[in-house]
Amino acid sequence: MATATEIIWSPWGPKTKVMITNEVGGGRQLTVHCSSFFVDNEDLGVHVVNPHDSYRFKFWIKASPPWFYCSMDWGAVGGPRWFDIYDPLRDADRCRSPAWCQWIVKESGPCTSMFGVQRCYPWKK
């Protein structure tokens, strides 16, 4: 299992947990670098995720919910890809504790299950 980062800004509101799983294929490692908007521009650092492994982080939601975006690189042509891994408008209801906000990262884009239905998204780049 890849490393986990825990951010505790405040005990207000529910704890939110995000998990990013490497399924880009070809036995390639996934380099993940996530940061937030709105909450002191928190930088979670760079994490290398082995195939079929996951990187996880947790945070508390304050009065102004954070917005996390990540660059993801697996050596793809064109360089790293970007995605908003936690968008409070899209994810707030489905990502509350005890559930993990799970993302499966594929070459074509990140996929998640929302209320039992899998949905895949295009990369921002």
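In what order do the elements of the protein run from the N terminus on? In this predicted model, the order is β-β-β-β-β-β-β-α-β-β-β. The protein thus described has one helix and 10 strands. Buried residues account for 46% of the 125 residues. The accessible surface amounts to about 6400 Å², and carbon and sulfur atoms contribute 55% of that surface. When contacts between residues at least 6 apart in sequence are considered, 60% of them join residues at least 24 apart.

The largest nonpolar core contains 28 residues. Within this core, I20, F57, M72 and I85 touch the most other members. Seven strands each give two or more residues to the core: strand 2 (15-22), strand 3 (30-37), strand 4 (43-49), strand 5 (54-60), strand 6 (67-73), strand 7 (81-86) and strand 8 (101-106). In soluble globular proteins, nonpolar side chains tend to be buried together.

The surroundings of I20 illustrate how parts of the chain meet. Apart from residues up to four places away in sequence, I20 touches L30, V32 and C34, and also D53, S54, Y55 and F57. The further contacts of I20 are C70, M72, I85, W103 and V105. Three of these partners, F57, M72 and I85, are named together with I20 among the core residues that touch the most other members.

T21 belongs to strand 2. With a relative accessible area of 10%, T21 falls under the 20% limit and is therefore buried. Leaving aside neighbours within four places in sequence, T21 is in contact with H52, D53 and S54, as well as with W103, I104 and V105. D53, S54, W103 and V105 also appear among the residues that I20 touches.

Two disulfides are present in the structure. A disulfide is a covalent bond between the sulfur atoms of two cysteines. One of the two joins C34 to C70, with an S to S distance of 1.9 Å. This pair links distant parts of the chain, with C34 in strand 3 and C70 in strand 6, 36 residues apart. The link of C34 and C70 is right-handed, with 100° about the S-S bond. Both cysteines of this pair, C34 and C70, are buried. Both are also contacts of I20.

The other disulfide is formed by C111 and C120, whose sulfur atoms are 2.0 Å apart. The link of C111 and C120 is likewise right-handed, with 105° about the S-S bond. How does burial compare between these two cysteines? C111 has a relative accessibility of 1% and so counts as buried, whereas C120 is partly exposed, with a relative accessible area of 44%.

Seven aromatic pairs occur in the structure. Among them, F57 and F68 form a tilted pair, 4.9 Å centre to centre and with 55° between the planes. F57 lies in strand 5 and F68 in strand 6, so that the pair links distant parts of the chain, 11 residues apart. F57 and F68 are each buried. Another pair consists of W74 and W123, with ring centres 5.6 Å apart and planes at 40°, so this pair is tilted as well. W74 is located in the loop between strand 6 and strand 7, and W123 in the segment after strand 10 (117-120), so the pair ties together parts 49 residues apart in sequence. W74 counts as buried at 6% relative accessibility, and W123 counts as buried at 13%. F57 and F68 also belong, with Y55, to one aromatic cluster. Y55 and F57 are both in contact with I20.

E107 is found in the loop between strand 8 and strand 9 (109-114). Is this residue buried, partly exposed or exposed? E107 has a relative accessibility of 43% and therefore counts as partly exposed, a class that lies between the limits of 20% and 50%. Not counting residues up to four places away in sequence, E107 touches V24, R28, W74 and W123. E107 thus contacts both members of the tilted pair of W74 and W123. The side chain of E107 makes a polar contact with the side chain of R28, at 2.6 Å. E107 and G25 are 82 residues apart in sequence, while their C-alpha atoms are 7.8 Å apart in space.

Methods: Residues are numbered from 1 along each chain as its sequence is written. This is a predicted model: local features need pLDDT of at least 70, side-chain atom pairs count only at pLDDT 80 or more; totals for chains, interfaces and linings use all residues. Side-chain values use heavy atoms; hydrogens and water are left out. Helices (H or I, at least four residues) and strands (E, at least two) are DSSP runs, numbered from the N terminus. Buried means under 20% relative accessible area, exposed over 50%, partly exposed in between (1.4 Å probe, protein chains only). Contact means heavy atoms within 4.5 Å. Accessible areas come from the Shrake-Rupley method with a 1.4 Å probe; for residues, only the protein chains shown count as cover. A nonpolar core is a set of buried Ala, Val, Leu, Ile, Met, Phe, Trp, Tyr and Cys residues joined through side-chain atoms within 4.5 Å. A polar contact is a pair of N or O atoms within 3.5 Å; within protein, one must be able to donate a hydrogen and the other to accept it, and residues adjacent in sequence count only if both atoms are side-chain atoms. A disulfide is a pair of cysteine sulfur atoms within 2.5 Å. Rings of Phe, Tyr and Trp (its six-membered ring) pair if their centres lie within 6.5 Å; planes under 30 degrees apart count as stacked, over 60 as edge-to-face and the rest as tilted.
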